[in-house]
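Open the model in your viewer and keep the sequence panel at hand. The stops below go from the whole chain to single residues.

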Amino acid sequence: MTALDLTTGELALAITATFVAGAVRGFTGFALSALIMATLTLILPPIELLPVCVLLELLASALLVRGGFAQADRAMVLQLQSGALVGTPLGLALTTILDPNTSRLFVQSLI
């Protein structure tokens, strides 16, 4: 709690938002990071949430790989991965360059 300097209420919000986002991800298969960013950028800068979202998405995706790998449309996956390879560094660069408040407003407006 001291590493992020969160109050007890903010920590409770973070835990609740992450739980709800995880439940939505489990039900729909997406939206974990979007919900976490939409909620927690109110109290934390987006740059601090990126590692959390990446780790949660990796863990959630690892659970889905074993059942869906054989049924995956590999051509579509390659196209999506190509877009992610371009978009991820660009988004990360913008997040690190922009002022935290500007970055927060940018994330909120995109979502």
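Begin by selecting T16, which lies in helix α1. T16 is partly exposed, with a relative accessible area of 47%. Add I36 to the selection and draw a C-alpha to C-alpha distance: the two are 9.9 Å apart in space and 20 residues apart in sequence. This is a predicted model, and the values along this tour were computed from it.

**The whole chain**

Now zoom out and colour by secondary structure. The protein chain has 5 helices and 0 strands, and from the N terminus on the order of elements is α-α-α-α-α. The C-alpha trace spans about 45 × 30 × 25 Å along its principal axes. Turn on the surface: the chain exposes about 7,700 Å², of which carbon and sulfur atoms supply 74%. Of the 111 residues, 18% count as buried. Among contacts with a separation of 6 or more, residues 24 or more positions apart account for 62%.

**The loop before α2**

Go next to A31, in the loop between α1 and α2. What is the sign of phi at A31? Phi is near 85°, a positive value in a residue other than glycine. A31 is partly exposed, at a relative accessible area of 23%.

**Helix α2**

Move on to α2, residues 32-40. Show the side chains of L32, I36, M37 and L40, which are buried. They cover an arc of only 120° around the axis, which puts them on the same side of α2. Which helices do the buried residues of α2 pack against? They pack against α1, α3 and α5. I36, the partner of T16 in the distance drawn at the start, is one of these buried residues.

Stay in α2 and pick T39. At 24% relative accessibility, T39 counts as partly exposed. Select A17 as well: its C-alpha atom is separated from that of T39 by 6.7 Å, with their positions 22 residues apart along the chain. Leaving aside neighbours within four places in sequence, T39 is in contact with L13 and A17.

**Charges and the salt bridge**

Colour the charged side chains. There are 4 positive and 6 negative ones, and the centres of the two sets lie 16 Å apart. Side chains of opposite charge can pair when their charged atoms come close. How many salt bridges does a search of the whole structure find? It finds 1.

To see the pair, select R25 and E57, whose closest N and O atoms are 3.2 Å apart. R25 lies in helix α1 (residues 8-28) and E57 in helix α3, so the salt bridge ties together parts that are 32 residues apart in sequence. Compare the accessibility of the two partners. R25 is buried, with a relative accessible area of 9%, whereas E57 is partly exposed, with a relative accessible area of 21%. With the cut-off for buried at under 20%, R25 is below the limit and E57 is not.

**Helix α5**

The last stop is α5, residues 100-110, where S103, R104 and V107 are buried. Look down the helix axis: the buried residues fall within an arc of 100°, so they line one face of the helix. What covers them includes α2 (32-40), α3 (46-68) and α4 (74-97). Rotate to the face turned away from the buried side, which carries the exposed residues L105 and S109.

Finish on R104, which lies in this helix. Which side chain of opposite charge is nearest to R104? D99 is, at 7.4 Å, and R104 is buried yet has no salt bridge. A salt bridge calls for a side-chain nitrogen of Lys or Arg within 4 Å of a carboxyl oxygen of Asp or Glu. To see what surrounds R104, show T41, L42, I43, L44, P45 and P46; R104 is in contact with these residues, leaving aside its neighbours within four places in sequence.

For a closing view, keep R25, E57 and R104 on screen. R25 forms a salt bridge with E57, while R104 has none.

Conventions
Residues are numbered from 1 along each chain as its sequence is written. This is a predicted model: local features need pLDDT of at least 70, side-chain atom pairs count only at pLDDT 80 or more; totals for chains, interfaces and linings use all residues. Side-chain values use heavy atoms; hydrogens and water are left out. Buried means under 20% relative accessible area, exposed over 50%, partly exposed in between (1.4 Å probe, protein chains only). Helices (H or I, at least four residues) and strands (E, at least two) are DSSP runs, numbered from the N terminus. The arc is that of the directions from the helix axis to the C-beta atoms. Contact means heavy atoms within 4.5 Å. Accessible areas come from the Shrake-Rupley method with a 1.4 Å probe; for residues, only the protein chains shown count as cover. Lys and Arg count as positive and Asp and Glu as negative; His and the chain ends are not counted. The place of a charge is taken as NZ of Lys, CZ of Arg, CG of Asp or CD of Glu.
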